[in-house]
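Me: Hi! I'm new to reading protein structures. Could you walk me through this one, one feature at a time?

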Amino acid sequence: VKRDRAAAEIVFSSGVPITAVGLDVTSQCKLREKDLDRMRIAEDPAGNFLIHLVDLAEEQTHEANPTLYDPLAIAAIFRPDLLEIQAGTVDVSLSGPGQTIFKPVAGSKTQVAVKVNAPAFLDLFVDRVTKAVGGLR
């Protein structure tokens, strides 16, 4: 939340239902070499495009295995079973690097992912971007 700590604090204290998937969980979801290999051999336009983007990113970051931050947040919507979720509160530090602090609280409307089945998520991701179903993914 380092880009706008004040906005994050407003959102987390608003009382609206929230499911948060933080960096501590998403950082476990790095594409593996076998995932990249599957995408390369699939001969699928979406997979080929993603491989191209991975290659471009590697030139800039020197990181060969990108982390799938946003795809995991999306997967949480339709495959919540991939995540272990706890109810609680999230406090946002308004100074410093934008750190959040999670405190478990039963019955809270805020749900925070505390663990991910990374291998299952990565398999799902690669399956979705390498197999067309009726022209759709």
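**Two helices side by side**

Reply: Happy to! Keep in mind that this is a predicted model. Let's begin with a pair of helices: α3 and α6 are roughly parallel to each other.

Me: How are two packed helices described in general?

Reply: Two numbers do the job: the angle between the helix axes and the distance between those axes. Here, the axes of α3 (residues 33-41) and α6 (residues 118-130) come within 10 Å and cross at roughly 10 degrees. Angles under 35 degrees count as roughly parallel, so this pair earns that description.

Me: Which residues of α3 and α6 make the contact?

Reply: From α3 come D35, R38 and M39, and from α6 come L122, D123, V126, D127, V129 and T130. Sorted by class, the contact has 4 nonpolar, 1 polar and 4 charged residues.

Me: Now let me zoom out. How many helices and strands does the protein have?

Reply: There are 6 helices and 4 strands. Along the sequence they follow the pattern α-β-α-α-α-α-β-β-β-α.

Me: And what is the order of the strands in the sheet?

Reply: The order within a sheet is read across neighbouring strands. In this open sheet of 4 strands it is β1-β4-β2-β3, and the pairing is mixed. The edge strands are β1 and β3, each of which pairs on one side only. From one strand to the next, the twist averages 45 degrees.

Me: Where can I see the mixed pairing?

Reply: Look at the partners of β4. Strand β1 (residues 18-20) pairs with β4 in the parallel sense over 3 bridges, and T19 stands opposite Q111. Strand β2 (residues 83-92) runs antiparallel to β4, joined by 6 bridges. In that antiparallel pair, G88 has T110 as its bridge partner, while L83 stands opposite V116.

Me: Which strands does helix α1 lie across?

Reply: Helix α1 (residues 5-12) lies across β1, β2 and β4, and runs at about 115 degrees to β2.

Me: Last one: how much space lies in the largest pocket?

Reply: About 640 Å³. It is lined by 21 residues, and those closest to its centre are V1, V21, G22, L23 and T100. The elements α2 (23-26), α5 (69-78), β3 (100-104) and β4 (110-116) each supply at least two residues of the lining. By class, the lining divides into 13 nonpolar, 5 polar and 3 charged residues.

Definitions and conventions: Residues numbered from 1 in each chain as written. Predicted model: local features only at pLDDT ≥ 70, side-chain atom pairs only at ≥ 80, totals over all residues. Heavy atoms only, no water. 1 Å grid on protein atoms, 1.4 Å probe; cavity = no way out; pocket = protein on both sides within 12 Å on 5 of 7 lines; lining within 4 Å. Points joined across faces, edges and corners; volume = space filled by probe spheres on them. Nonpolar A, V, L, I, M, F, W, Y, C, P; charged D, E, K, R; others polar. Axes fitted to C-alpha atoms, helices over the stretch in contact; angles between N-to-C directions. Parallel < 35°, antiparallel > 145°, perpendicular 65-115°, else oblique. Contact = heavy atoms within 4.5 Å. Pairing = 2+ DSSP bridges.
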